[in-house]
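Here are some exercises to work through with the model open in your viewer. Try each task before you read its solution.

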Amino acid sequence: MKKLIIVLTVLAGLSSCKNQDFDVDATLKKAEKQFSVLLDASYAENKIPRSLDEHGEIDWAKRKMDWTQGFFPGACWKLYEHTQDAKWKEGANHFQNLFVDAKDINTTHDLGFMFYCSFGEGYKLTKNEDYKQVVIDASESLISRYDSIVGCIKSWDFGKDRWTFPVIIDNMLNLEMLFEASILTGDDKYKNIAINHANTTLKNHFREDFSTWHVVDYNPEDGSVFKKLTHQGLHNESRWARGQSWALYGYIMCYRYTKDPKYLEQAKNIAAFVKSNLPEDFVPIWDFDVKDKAIMYKDASAAAVYASAYLELYGYTKNTVYKDLAESILKSLSSDLYFSAYGKNGGFILEHNVGNFPRNSEIDVPINYADYYYLEGLLRLKHINEE
């Protein structure tokens with residue numbers, strides 16, 4: 001454990017020196033200009049942008065149910081938070097209402113991504129009671145997927161030939177909405193389910209080096225583990241880069257709401273594992289175990305989640321290593337290597353993301369959740385710098 005944590009200190013001083021010239025405000029201004037292009041295109045089609053297709057055209061989210069559709073209005077809320085420009089508030093409200101009816105769908109665990117990143121973010125900024133109710137309704141749908149014997153929320157209903165009760169590490173992010181639902185309602189049932197899920201995941205999802213499996217398949221009869229595997233990583237024992245980001249972000253977030261020290265300790269250990277595997281430019285290959293140069297695609301979305309998570313971890317520890325590392329990641333993402341030229345890529349901000357390589361889906365393209373977490377990271381860094 002000490003070896004894992006100590007590696008975080010190696011480049012602290014160097015990173016700090018390198019990051020002195022990173023202008024967060026100028027970067028946010030540049031991001032807003034680029035994202036305005038995407039906003040205009042989205043209004044023209046009245047659809048939510050998800051990625052780019054093989055022809056370089058915008059790939060639109062499925063109208064009724066798409067796990068990514070909360071990120072575009074969520075990014076608009078981030079820009080409204082920063083600028084107070086009404087166009088971002090209006091855009092966020094318009095596009096999140098395109099899928100509001102999905103709040104009652106209980107066939108997916110992704111309701112937190114869909115509704116907390118959109119309506120939840122909007123409620124924090126506006127205190128709109130309609131947004132609050134959407135978060136509560138979506139939370140009711142989400143907890144219907146909880147199994148008390150397993151101690152987790154079931155992730156997927158598909159793939160019955162591969163698993164019985166699959167729980168994926170991504171599901172940690174959906175717990176944020178449940179914690180908030182308990183605050184909004186005064187009912188601890190949401191929070192208690194979130195805590196049980198986090199505890200079961202902590203027990204079963206992690207290897208000795210604090211990397212995470214993507215999928216753990218449970219026996220719903222007795223809660224035992226059938227098997228551990230992947231759906232989006234290179235192979236069952238590989239370390240899928242974005243999976244590690246969900247784990248890092250998820251346990252820091254759980255500490256935010258509970259102040260349980262075991263969550264903070266887990267976050268520190270995951271943080272050390274990630275740091276020890278990042279490349280020179282701080283943006284990982286889509287899976288840490290990829291050796292074939294032909295498939296060494298970068299995943300900026302994983303890096304964006306890392307950056308935002310490291311900044312929250314810095315807030316609880318005041319360990320400047322985390323802040324410096326986050327700033328190095330954001331600086332790299334803000335370079336011409338990853339930040340789209342103005343008007344290019346349909347208005348998406350970040351290039352070079354990987355959605356699901358094994359399924360040949362969204363490889364080396366912009367993706368809406370990369371932009372969401374990138375903007376969140378920039379805003380978190382701005383707030384820290386202003387303290």
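**Warm-up: N353**

Set aside residues up to four places away in sequence, and N353 is in contact (heavy atoms within 4.5 Å) with K298, D299, A300, S301, E362, I363, D364, V365, P366, I367 and A370. Before going on, note that this is a predicted model, where local features need pLDDT of at least 70, side-chain atom pairs count only at pLDDT 80 or more, and totals for chains, interfaces and linings use all residues. Residues are numbered from 1 along each chain as its sequence is written, and side-chain values use heavy atoms, with hydrogens and water left out.

**Exercise 1.** Place N353 in the fold, then decide: is N353 buried or exposed?

*Solution.* Step one: N353 sits in strand 8 (residues 353–356); strands are DSSP runs of E, at least two residues, and helices are runs of H or I, at least four, both numbered from the N terminus. Step two: N353 counts as buried because its relative accessibility is 0%. The scale is buried under 20% relative accessible area, exposed over 50% and partly exposed in between, using a 1.4 Å probe and protein chains only. Step three: follow the side chain of N353, which reaches the backbone oxygen of V365 at 3.0 Å.

**Exercise 2.** Find the residues that UniProt annotates as "active site" and describe the surroundings of each.

*Solution.* Step one: the unreviewed UniProt entry gives D110 and D170. Its positions follow the numbering used here, feature names are shortened, and annotations may be inferred rather than shown by experiment. The two are spread over 61 residues of sequence, yet they cluster in space, with a largest C-alpha distance of 8.7 Å.

Step two: take D110, in the loop between helix 5 (86–96) and helix 6 (111–126). D110 is buried because its relative accessibility is 9%. Beyond four places in sequence, D110 touches W67 and N174. Its side chain also makes a polar contact with the side chain of H109 (3.1 Å). Such a contact is a pair of N or O atoms within 3.5 Å; within protein, one must be able to donate a hydrogen and the other to accept it, and residues adjacent in sequence count only if both atoms are side-chain atoms.

Step three: turn to D170, in the loop between strand 5 (165–168) and helix 8 (175–185). D170 is buried too, because its relative accessible area is 7%. Among its contacts beyond four places in sequence are H109, F113 and H214, and the side chains of D170 and H214 make a polar contact at 3.2 Å.

**Exercise 3.** Which residues does UniProt list for "binding site", and which of them is in the lining of the second largest cavity?

*Solution.* Step one: the unreviewed entry lists D110, D170, T230, R242 and W246. Step two: T230 is the one in that lining. On a 1 Å grid over the protein atoms alone, a cavity is a set of points where a 1.4 Å probe fits but cannot get out, and lining residues have an atom within 4 Å of a point. Step three: check R242, in helix 10 (residues 241–258). R242 counts as buried because its relative accessibility is 1%. Its contacts beyond four places in sequence include Q232, W286 and D299.

Note on methods. On a 1 Å grid over the protein atoms alone, a cavity is a set of points where a 1.4 Å probe fits but cannot get out, and a pocket is an open set with protein on both sides within 12 Å along at least five of seven lines; lining residues have an atom within 4 Å of a point.
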